[in-house]
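Hi there,

Here is the structure I promised to pass on. Have a look at it first, and my notes follow below.

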Amino acid sequence: MNTKSPHHVLEHFYDVAKSTHEVPQVKSAAVLRRIEYIVSCLENRACVRLLMSCMLGKIDRPHVDPREPYTKIGGSSSFSGRSYDEQYITPFINKCSLPCNSTTAFLTPALRNIDKPLTTDVALVGRPHRVYRNTLKLLEDVARGRETAENVLADTIRLLCSMRDERKKRIETLVSEVGKGRKGAPLSSEEIITLISQHLAHKNTSRLPVLLVAAAYTAAKNKIDVKVGELLPHNAADKQTAALGDVQICLTSDDRMITVYEVKQRQVSIDDIDLAVSKIAAHSPQIDNYIFVTTEAVEKQVVAHARNMYKQLDGVEIAVLDCIGFLQHFLHFFHRLRGKFLDAYQTLVLTESESAVSHPLKEAFLSLRQTAESDR
């Protein structure tokens with residue numbers, strides 16, 4: 001067994017990555033291409049964590065087979081890849097701000113509930129297929145002794161660091177360009193609505209309406225004596241966190257929660273209303289409002305059902321609002337705060353984890369804003 005702890009192993013290869021810069025550790029060009037593809041594959045970020053976990057397990061316990069990161073397989077050569085992933089990879093990528101998913105690879109559909117070695121003839125169901133094929137080939141390369149786990153891990157970390165630094169530089173450049181083309185008055189409320197609508201039209205934007213609501217209250221907090229409660233991770237379930245909804249609005253004076261927003265990227269149903277009623281009834285102290293914000297059409301019967309809950313909940317009101325309609329009303333009601341709203345939304349988008357708001361989505365907003373302000 002390696003005399004260094006897995007934490008120290010990761011720190012060592014992070015130092016190697018900083019010192020070697022663009023110099024690869026693996027000798028085979030084919031192996032390097034596989035690592036490069038896995039690290040750069042934006043459609044699937046699970047495989048890079050799988051690869052790092054298996055390499056770390058192999059370095060820590062040289063007798064194990066990197067293709068057997070499941071204790072269900074049994075035997076002395078299997079190990080818990082998920083344990084390495086959660087205990088060591090997670091804090092490492094968070095500490096170093098590496099562009100990886102924030103959660104373990106071993107709970108993704110393609111990688112959970114496996115009870116056999118990850119050999120190259122295993123058909124993992126996921127997309128893109130190429131990233132899984134390359135990962136299995138790399139595990140095979142290390143298992144067969146064609147490459148070392150140390151070199152594969154070193155180059156994986158090196159390439160992740162390079163991606164992180166390139167993204168940071170790109171974002172800094174785009175942020176510095178925002179506002180250069182601005183002339184005269186800031187964007188109008190309707191221009192901001194168009195800008196946000198264009199941003200929401202991109203793929204994988206489920207987190208954006210949550211940030212939109214939070215940005216509105218952040219911009220107006222000094223005017224209405226309320227503040228936004230802590231925004232929980234996008235993948236955290238309400239049952240686990242005891243949260244009433246996605247955005248919780250509290251009084252500035254005593255931190256009492258008064259309004260809860262539940263954001264949906266689908267139509268709100270009567271079942272959603274009934275579930276909210278049960279959560280509100282079980283919560284103490286009582287809140288004032290429970291507001292659904294949806295990016296889809298609002299059905300009249302759902303609105304009517306929500307309205308009828310007022311007496312049942314002893315004065316707690318449930319409402320269902322259209323996302324853009326909510327923003328439109330806010331921006332016109334607080335017209336002088338429209339610039340603060342846009343800045344708050346930009347800050348929330350850029351500081352959100354990439355598992356919630358992808359890097360391309362962050363760049364897209366900055367480009368859209370720059371274009372909108374330049375066109376004026």
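Glu262 and Lys264 form a salt bridge, with 3.4 Å between their closest N and O atoms, and both residues are buried. Please keep in mind that this is a predicted model.

In total, the count comes to 19 salt bridges. Another one joins Arg144 to Glu140, where the closest N and O atoms are 3.1 Å apart. Here the two partners sit in contrasting surroundings: Glu140 has a relative accessible area of 11%, so it counts as buried, while Arg144, at 53%, counts as exposed. This pair also belongs to a network of salt bridges that links Asp65, Arg67, Glu140 and Arg144.

Then there is Arg82, whose side chain meets that of Glu86 in a salt bridge (3.1 Å, N to O). Both residues lie in helix 4 (residues 81-96), four residues apart, which is about one turn of the helix. Arg82 is partly exposed at 36% relative accessibility, and Glu86 is partly exposed with a relative accessible area of 36%.

On to helix packing. Helix 8 (residues 208-224) packs against helix 14 (residues 338-351) at an angle of about 135°, their axes being 8 Å apart. That angle makes helix 8 oblique to helix 14, and the crossing is right-handed. On the helix 8 side, the contact includes Leu208, Leu211 and Leu212; among the residues they and their neighbours meet in helix 14 are Phe341, Tyr345 and Leu348. By class, this contact has twelve nonpolar, one polar and one charged residues.

Happy exploring, and best wishes!

Definitions and conventions
Residues numbered from 1 in each chain as written. Predicted model: local features only at pLDDT ≥ 70, side-chain atom pairs only at ≥ 80, totals over all residues. Heavy atoms only, no water. Axes fitted to C-alpha atoms, helices over the stretch in contact; angles between N-to-C directions. Helix = DSSP H or I, 4+ residues; strand = E, 2+ residues; numbered from the N terminus. Parallel < 35°, antiparallel > 145°, perpendicular 65-115°, else oblique. Left-handed = near helix turned anticlockwise from the far one by under 90°. Contact = heavy atoms within 4.5 Å. Nonpolar A, V, L, I, M, F, W, Y, C, P; charged D, E, K, R; others polar. Salt bridge = Lys/Arg side-chain N within 4 Å of Asp/Glu carboxyl O. Buried < 20%, exposed > 50% of the residue type's maximum accessible area, 1.4 Å probe, protein only.
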